[in-house]
Structures are given as C-alpha cells and as structure tokens.
Amino acid sequence: MKNPPKRVLVAGGNGVTGKLIVRYLTGFKLPVQVDIAARTALRAQNLPEQVRKIDIDFQNKKATSALFRQYDIIILAIGPFDIFKASLHEICVSEQKICIDINDSYEAASEIYKLKKDAEHHQSMILTGMGLAPGLTTLLLLEVLQQNNETAQSGGVRMFFSNGINSGKASIYTMLINFISHVFILSNGKAYKTLSKKIEKDAYYTFNESLKHKPLIYYSSPEIQTLPLNKDCSRIRQLDFAFHLEGMPMNIIPFLRGLKIFRKTIIKFLCKSTYKKQKKQQSGQPVETLVIASAFGQFDNCIKHCQVSSKSSYELTALTASLVAEMVLKGEIVETNGVHSIESDIISKPILKTRFEREGIKINPEIVNQS
Ligand SMILES: NC(=O)c1ccc[n+]([C@@H]2O[C@H](COP(=O)([O-])OP(=O)(O)OC[C@H]3O[C@@H](n4cnc5c(N)ncnc54)[C@H](OP(=O)(O)O)[C@@H]3O)[C@@H](O)[C@H]2O)c1
C-alpha cells in the first residue's frame, strides 16, 4: 500500500514569503498536501486550488496546538519573529512535530535554541534559520571557509536589498526594530558586542561592477550563535554581517538606532508608511536580477567570495526553506530530534547545493588574488 501524502502547514502562508514557499512546494510535485494558516488566510489569492486555507490567530495557543496536531511538518513563515519569539516552536515541540522556520531575529534565535533539550526529549526536530540570512548566507560562508586551510583575517556576509520589490509588513518591522545602538560580531569565535556607529562609519561594499561602493548597515545575525560550533569557523578571526538598503537615506540610521521614547509607536508608524509607499511605487515595474548575497573571507594573499543573484531576496528565502522541506520529505534529512541550524551535519550541503543548482542558483566560490 502506498504511504498517504505528508501534510505540510505553512503558518503565515498568505504573507510575502509564505506564498512563495507554497508556490515552490506545490511546484516540486511531491506527494504532499500543502495548506496555509494565518489570521486572514481565507482572503489569500493566487494560490494553487488544492491548498486549504485556515483562518487562525496564532496567539491562541489552544487552537494552534489543535491545528498543528493535524500536520506532519509545520513551516513557520509568520512574523515578526521578534514578537512570536519561540512560542510557536514550543507548540511544535509539545505536539512532536517537525518544524522549519525562516527566523532572522537574533533575540528569537536565543529563545529557539533554548528548546534544544525539550525538543530532544519530546522527539521533535526544529530546523531553524532556513531562509536567506541565516540559511543561504551561512552556506555561502561555509563554502568560503572550506576552500582552503588558511586562517582568514576577516570576513563577512553582505546583502543588497533593492527597493524594486515589495516587502512583507513583518520583514519591514523586523528590520526597523533591529536598528539599535549596538551589534554583535564574531571575534575569535566569540560573540562580541560593539557600537553600531563605530563599525558603520565609512563602511562600504562593492558587490560587482554595477553595485559599487554601497554604504552598509550592520546587524546582529543569528549565525553568530551557531557558527562558533562549526569547526571551519575557527579559521576566521573576525566576522560581521551587513546589508545595503537601496533608497534608504543613511542619515536616518543614527536617529533610528538612538530612538528611545515612543520607540515601538514610531517604528509601527514607519513600518505602515514604508509598506504603503512601496505598494504605490512598485506595482507593475519590471524587476532586475541582482546580486543579493555575498560572503567573503580575506586571507593573506587573496580574497575568496561566494555570491548569489536573484530577482528578489524573498525568492531566495522561500527557496531555501522549500528545498530544506523537500529534503525532509524525501528522507534526505534524517529526522533527528533537537534544534538544528543549516551548519548542522544532518543537512547534506552537497545535496542542498545540487538542489539550488536545479533551481538556477549556482553556489561557486571565487578567488581574487592580491599582489
Ligand atoms: N531568514 C530570512 O532571510 C528572512 C527573509 C525574509 C523574511 N524573514 C522573516 O520572515 C517573516 C515573514 O516575513 P514576510 O515578509 O513574509 O512577512 P508578511 O508578508 O508580513 O507575512 C507575515 C505572515 O504572518 C501572519 N501572521 C502574523 N501574525 C499572525 C497571527 N497572530 N496569527 C496568524 N498569523 C499571523 C500574517 O498573516 P495575517 O496578517 O493574515 O495574520 C502573514 O501571513 C518575518 O519575521 C521576516 O523577518 C526572514
């Protein structure tokens, strides 16, 4: 007798990233039933016909547990993770489910990793940070570090966010709320807190010939909590994470980082107005393929870098989560209880890279010699 199709729930499946995850997962033609759930899921449009839509408020624990119980895999594409933290992961653990998230919040990551023992005990597997950053950027970084046995003096992850695409409300909130006075970097394998304005001063990055000398905004990546556990990470002295946000006036960054009074209210207002402005500006405009993420290591005589291009960072986030889900569904990630990030040995990097290639995303490190 054939096994019944696995049931996958995309929590937040009507959001910008969630919709793309549904599109990828249904497009992979796996024997799987994909459904979505959110507060306004029933209003979602342009989803494949077979996708069931469920309205639910994930703040309601009892209803969420009852819903999660009906599925094999829960993909968390909800947000902001800064608000949910590990609350939905906890429910996945108590319901003994496989959970895949696209968390990008440093604070939420700390809470999610605290569930490690509970997840092992309750027989639940949490795959966390399976988006663009962390996720694909971590893979790029590991590629750079695995290329030779030298120690890199410094390295980093750089992302380019074009203003040509529509962002999700939760993503805009996450970005704005994380403009604070300090960031964490990795220094000799340990998280090191530093003043944002100190490292941001005169920090620029050239992605390629057409994206030169772009001013950077630094952030604390959840990777800072997981990379020190990876043996290759000991071969880099200092590692930091930054992005360029096209169209963002750089002089507003110190204001946002210093904001204390009415912080949440001001951020919520800015979030709403940015979302509305984006919607007005971009509808119908053609979108270019651009470098989105780049990881690099500065070695004694050369720089190694590895970068990926796409039309949208959301596509890359959704693709990463969907490929990881595909590997779970095909038994290529063996169910291992606990909390795992992309660096974990349970995720085969060669298989993951082949899958990205199948989808047109090449992960090829390049070496630039310096004389
Ligand atoms: N790792 C990465 O590289 C990466 C990249 C992009 C985004 N992200 C993160 O992924 C998350 C989603 O981003 P997005 O841009 O796709 O956001 P979005 O479009 O705003 O989607 C958020 C989703 O969460 C749902 N939701 C929010 N509160 C809910 C609640 N109480 N109950 C039920 N559903 C709820 C929303 O639906 P309703 O409003 O209908 O409830 C919506 O479906 C964000 O936290 C973002 O920071 C990570």
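In which helix is the place of Ser196? Ser196 sits in helix α9, which covers residues 196-200. The structure is a predicted model. A ligand is bound in it, with 31 residues around this ligand. The shell around the ligand draws residues from both domain 1 and domain 2, so the ligand lies between the two. The points below take the ligand site, then the segments and residues elsewhere in the chain.

**Ligand surroundings**

- Among the 31 residues that surround the ligand, the closest are Asn14, Thr17, Arg39, Thr40 and Ser171.
- By residue class, the shell consists of 14 nonpolar, 13 polar and four charged residues.
- Four helices each give the shell at least two residues: α1 (16-27), α3 (81-84), α8 (169-177) and α13 (313-329).
- Helix α8 makes the largest contribution to the shell, with four residues.
- Domain 1 is made of residues 6-131 and 316-358, while domain 2 is made of residues 136-314 and 362-369.

**Backbone contacts to the ligand**

- At Phe58, a polar backbone atom is 2.9 Å from a nitrogen atom of the ligand.
- At Phe81, a backbone N or O atom is 3.4 Å from an oxygen atom of the ligand.
- At Ala133, a backbone N or O atom is 2.9 Å from an oxygen atom of the ligand.
- The ligand taken alone exposes 920 Å², and 90% of that area is buried by the protein.

**Cis peptide bonds**

- Most peptide bonds are trans.
- The bond from Gly79 to Pro80 is cis, and its omega is near 0°.
- Pro80 belongs to the loop that runs between β4 (73-76) and α3, and α3 is one of the helices that supply the ligand shell.
- Ala133 and Pro134 are also joined by a cis peptide bond, with omega about 5°.
- Ala133 is thus named twice here, since a backbone N or O atom of Ala133 also lies 2.9 Å from a ligand oxygen atom.
- Pro134 is in the loop between β6 (125-127) and α7 (136-146).

**Positive phi angles**

- Most residues other than glycine have a negative phi.
- Lys29 is not a glycine, yet its phi is positive, about 55°.
- Lys29 is in the loop between α1 and β2 (32-38), and it counts as exposed because its relative accessibility is 70%.
- Gln123, another residue other than glycine, has a positive phi near 60°.
- The loop between α6 (116-122) and β6 holds Gln123, which counts as exposed at 52% relative accessibility.
- Gln96, just after α4, takes a positive phi of about 55°.

**Helix α4 and the annotated region**

- Helix α4 spans residues 87-94, and its buried residues are Leu88, His89, Ile91, Cys92 and Val93.
- An unreviewed UniProt entry places the feature "domain: Saccharopine dehydrogenase NADP binding" at residues 8-125.
- Over residues 8-125, helix makes up 40% of the chain and strand 19%.
- The C-alpha atoms at the two ends of this stretch are 14 Å apart.

**Ser196**

- Is Ser196 buried or exposed? Ser196 is buried, because its relative accessible area is 0%, and the cut-off for buried is under 20%.
- A polar atom of the Ser196 side chain lies 3.3 Å from the backbone nitrogen of His182.

**Two exposed loop residues**

- Arg43 lies in the loop between β2 and β3 (53-55).
- With a relative accessibility of 67%, Arg43 counts as exposed, the cut-off being over 50%.
- Arg43 and Asp55 are 12 residues apart along the chain, and their C-alpha atoms are separated by 9.1 Å.
- Gly247 is in the loop between β13 (236-245) and α11 (252-258).
- The relative accessibility of Gly247 is 65%, so Gly247 counts as exposed.
- Between Gly247 and Val32, 215 residues apart along the chain, the C-alpha separation is 41 Å.

Technical notes: Residues are numbered from 1 along each chain as its sequence is written. This is a predicted model: local features need pLDDT of at least 70, side-chain atom pairs count only at pLDDT 80 or more; totals for chains, interfaces and linings use all residues. Side-chain values use heavy atoms; hydrogens and water are left out. A residue is near a molecule or strand if one of its heavy atoms lies within 4 Å of it. A polar contact is a pair of N or O atoms within 3.5 Å; within protein, one must be able to donate a hydrogen and the other to accept it, and residues adjacent in sequence count only if both atoms are side-chain atoms. Accessible areas come from the Shrake-Rupley method with a 1.4 Å probe; for residues, only the protein chains shown count as cover. Ala, Val, Leu, Ile, Met, Phe, Trp, Tyr, Cys and Pro count as nonpolar, Asp, Glu, Lys and Arg as charged, and the others, Gly among them, as polar. Domain bounds come from an automatic or database domain assignment. Buried means under 20% relative accessible area, exposed over 50%, partly exposed in between (1.4 Å probe, protein chains only). UniProt positions are given in the numbering used here, feature names are shortened, and annotations may be inferred rather than shown by experiment.
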